[in-house]
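Here is a short report on the empty spaces in a predicted model. One helix then gets a closer look.

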Amino acid sequence: MIHELTDAHLDALQELINIGVGRAASMLNQMLDSQIVLEIPVVSVLNLSQIQAELEKRFEGDSLAAVKLNFTGSFSGKANLVFPTESAATLVSLLTGEEIGSPDLDSVKIGTLSEVGNIVINGIMGSISNVLNQHLNYAIPIYMEDSIKHILSLEYIKEETVFLLAQTRFAIKTLEIIGEIVLIFEMESFGTLIKVIDQQLEFQPS
């Protein structure tokens with residue numbers, strides 16, 4: 001299925017995720033005194049072996065924080081928002097006022113990152129369902145800390161599963177802080193998503 005993607009498909013996927021990230025940034029700005037900017041430089045569509053190679057090279061067995069959400073409906077899969085360790089500490093410090101390295105930082109980390117993860121994932125899933133006019137059902141988001149291999153349960157994923165990988169930068173200009181979070185969609189019905197996008201593209205003026 002991946003090799004049948006066109007530039008128009010990739011542009012549409014990028015735009016859908018950008019809309020959702022914009023919604024999430026607006027909500028996060030309400031939680032912060034400083035404006036947070038979320039950017040997605042590029043969205044990649046990868047198969048199982050490609051996502052394994054990319055993420056293992058990137059994280060090399062690090063213990064990461066992640067928020068996972070299962071969704072079903074017109075299309076199904078999982079959304080995973082992964083926080084590299086340094087970015088996680090920076091975000092929690094900004095949102096709670098706790099100093100990085102403070103013993104109290106860990107105690108509020110789970111709740112804070114869960115909230116950020118929920119906001120970002122729900123913003124993106126909401127934009128996908130609204131723009132494409134599709135109904136989706138969501139499970140309760142789950143927070144976990146583990147290696148990327150265990151977070152994604154890569155050993156149990158079907159070979160035909162397609163992944164959308166969005167490496168997201170966050171910037172807080174007034175504080176000159178830049179960090180990153182990684183958004184990974186496991187799409188068990190990627191072909192259905194592409195068919196819906198095709199229908200949308202057909203009705204757009206050329």
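## Cavity, pocket and helix α4

Searching the whole structure turns up one cavity of 30 Å³ or more. The largest cavity has a volume of about 30 Å³. Its lining consists of Leu28, Ile36, Leu38, Leu91, Val116, Val120, Phe170 and Ile181. Two elements, β1 (36-39) and α4, give two or more residues each to this lining. By type, the cavity lining has eight nonpolar residues, no polar ones and no charged ones.

The largest pocket holds about 170 Å³ of space. Ser63, Leu64, Ala65, Phe83, Thr85, Ala88, Ala89, Leu105, Asp106, Lys109 and Glu145 line the pocket. At least two lining residues come from each of β3 (64-73), α3 (85-96) and α4. Here the lining is mixed: six nonpolar, two polar and three charged residues.

The table sets out the two spaces.

| Space | Volume | Lining by type |
|---|---|---|
| Largest cavity | about 30 Å³ | eight nonpolar, no polar, no charged |
| Largest pocket | about 170 Å³ | six nonpolar, two polar, three charged |

Helix α4 contributes to the lining of the cavity and to that of the pocket. What is the helix itself like? α4 covers residues 105-131, 27 residues in total. From first C-alpha to last, α4 reaches 38 Å, close to the 39 Å expected at 1.5 Å a residue. Where does α4 bend? The bend is at Gly111, and the angle is about 25°. Just after α4 comes Asn133, with a positive phi of about 55°.

Note on methods:
Residues are numbered from 1 along each chain as its sequence is written. This is a predicted model: local features need pLDDT of at least 70, side-chain atom pairs count only at pLDDT 80 or more; totals for chains, interfaces and linings use all residues. Side-chain values use heavy atoms; hydrogens and water are left out. Helices (H or I, at least four residues) and strands (E, at least two) are DSSP runs, numbered from the N terminus. The expected span of a helix is 1.5 Å times one less than its number of residues. The bend at a residue is the angle between axes fitted to the seven residues ending there and the seven starting there. On a 1 Å grid over the protein atoms alone, a cavity is a set of points where a 1.4 Å probe fits but cannot get out, and a pocket is an open set with protein on both sides within 12 Å along at least five of seven lines; lining residues have an atom within 4 Å of a point. Grid points are joined across faces, edges and corners, and a volume is the space filled by probe spheres set on the points. Ala, Val, Leu, Ile, Met, Phe, Trp, Tyr, Cys and Pro count as nonpolar, Asp, Glu, Lys and Arg as charged, and the others, Gly among them, as polar.
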